[in-house]
Amino acid sequence: MGLLLGVNLAARLYVALRPLRFIDGVALPDDAYLALTVARNLARGLGPLYGTAHTNGFQPLYVFLTTPLFWVFPDGAPEAAARGALVLLALFDLAAMAVLLALAFRVTRSTAAVAVAGVAWVCSPAMAQSAANGLETAVSSFFILATALAVDALLRLDSPSLKRFAGAGLLAGFAV
């Protein structure tokens, strides 16, 4: 499992750390720049602006997570902030894959099933693109899978606690 996670992270970071001229337009759609513009404006204290107008056309959790990048990489380094967002997504993709593998083992008790799920994740063009699209897809994937794992854990307990239900609900809320 560790080897598959390492290969996945290396593959995702390889894309994230490529010069933007190679991945711009291929992996990063224009909506990625919209989200980063809103994050930059929030970091500057301007509110959720796109251009000179307020917008609500963004995913608030992802923008919240990327806003600090503009504190670390101020105006002079927009490429660094974009790259930071891609690294953040690579880490969420890694976490999502780890949760998927844990869920696969929990459900099947088969290391072969875990290996197949891991290879499928690493080799999936859709998962690779979601980790490099500069959008909230990898973040959502993590929270959706974490919610599934939490619900599975709830279903296996004889008397689940209110705390566990609240935790699963919180994960589901972030997934949405």
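**Figure 1. Four phenylalanines form one aromatic cluster.** In this predicted model, Phe92, Phe142, Phe143 and Phe174 make up a single aromatic cluster. The structure as a whole holds four aromatic pairs. Two of them are shown close up in the next two views, and both involve phenylalanine 92.

**Figure 2. Phenylalanine 92 meets phenylalanine 142 edge-to-face.** The two ring centres are 5.8 Å apart. The planes stand at 65° to each other. That angle is over 60 degrees, so the pair counts as edge-to-face. Where do the two partners sit in the chain? Phenylalanine 92 belongs to helix H6, which runs over residues 78–108. Phenylalanine 142 belongs to helix H9, residues 137–156. The pair thus links distant parts of the chain, 50 residues apart. Are these two rings buried or exposed? Phenylalanine 92 has a relative accessible area of 15%, and phenylalanine 142 has 18%. Buried means under 20%, so phenylalanine 92 counts as buried. Phenylalanine 142 is buried too.

**Figure 3. Phenylalanine 92 also pairs with phenylalanine 143.** This pair is tilted. Its centres lie 6.3 Å apart, with 45° between the planes. Phenylalanine 92 is in helix H6 and phenylalanine 143 is in helix H9, so this pair ties together parts that are 51 residues apart in sequence. Both phenylalanine 92 and phenylalanine 143 are buried.

**Figure 4. A charge sits over a ring.** Here the partners are arginine 18 and phenylalanine 22. The charged end of arginine 18 sits over the ring of phenylalanine 22. The distance to the ring centre is 4.5 Å.

**Figure 5. The largest pocket has a mostly nonpolar lining.** The pocket holds about 160 Å³ of space. Its lining includes Ala11, Arg12 and Val15. Val26, Ala27 and Val122 are also among the lining residues. So are Pro125, Ala128, Gln129 and Ala132. Which elements give two or more residues to this lining? They are helix H1 (2–16) and helix H8 (125–131). By type, the lining divides into eight nonpolar residues, one polar and one charged.

**Figure 6. Valine 122 is a buried residue of the pocket lining.** Valine 122 helps to line the largest pocket. Its place in the chain is helix H7. The relative accessibility of valine 122 is 16%, so this residue counts as buried. A second residue gives a sense of scale. Valine 122 and alanine 150 are 28 residues apart in sequence. In space, they are 23 Å apart, C-alpha to C-alpha.

**Figure 7. Helix H6 ends and arginine 109 follows.** H6 has 31 residues. From its first C-alpha to its last, H6 reaches 45 Å. That is close to the 45 Å expected at 1.5 Å a residue. What happens just after H6? There, arginine 109 takes a positive phi of about 60°. Most residues other than glycine have a negative phi. Arginine 109 is not a glycine, yet its phi is positive. Arginine 109 is found in the loop between H6 and helix H7 (111–123). With a relative accessible area of 56%, arginine 109 is exposed.

**Figure 8. Alanine 80 lies in helix H6.** Alanine 80 shares this helix with phenylalanine 92. Alanine 80 is partly exposed, at 25% relative accessible area. Its C-alpha atom is 25 Å from that of leucine 5. Along the chain, alanine 80 and leucine 5 are 75 residues apart.

**Figure 9. Proline 60 is an exposed residue of helix H4.** Helix H4 covers residues 60–66, and proline 60 lies in it. Is proline 60 buried or exposed? Its relative accessibility is 53%, so proline 60 counts as exposed. Alanine 35 is 25 residues away along the chain. The C-alpha atoms of proline 60 and alanine 35 are separated by 9.0 Å.

**Figure 10. The whole chain puts the close-ups in context.** The protein chain has ten helices and two strands. Read along the sequence, the pattern is α-α-α-β-β-α-α-α-α-α-α-α. The C-alpha atoms fill a box of roughly 55 × 35 × 25 Å, taken along the principal axes. Of the 176 residues in the chain, buried ones make up 40%.

Methods
Residues are numbered from 1 along each chain as its sequence is written. This is a predicted model: local features need pLDDT of at least 70, side-chain atom pairs count only at pLDDT 80 or more; totals for chains, interfaces and linings use all residues. Side-chain values use heavy atoms; hydrogens and water are left out. Rings of Phe, Tyr and Trp (its six-membered ring) pair if their centres lie within 6.5 Å; planes under 30 degrees apart count as stacked, over 60 as edge-to-face and the rest as tilted. Helices (H or I, at least four residues) and strands (E, at least two) are DSSP runs, numbered from the N terminus. Buried means under 20% relative accessible area, exposed over 50%, partly exposed in between (1.4 Å probe, protein chains only). A charge sits over a ring if NZ of Lys or CZ of Arg is within 6 Å of the ring centre and within 35 degrees of the ring normal. On a 1 Å grid over the protein atoms alone, a cavity is a set of points where a 1.4 Å probe fits but cannot get out, and a pocket is an open set with protein on both sides within 12 Å along at least five of seven lines; lining residues have an atom within 4 Å of a point. Grid points are joined across faces, edges and corners, and a volume is the space filled by probe spheres set on the points. Ala, Val, Leu, Ile, Met, Phe, Trp, Tyr, Cys and Pro count as nonpolar, Asp, Glu, Lys and Arg as charged, and the others, Gly among them, as polar. The expected span of a helix is 1.5 Å times one less than its number of residues.
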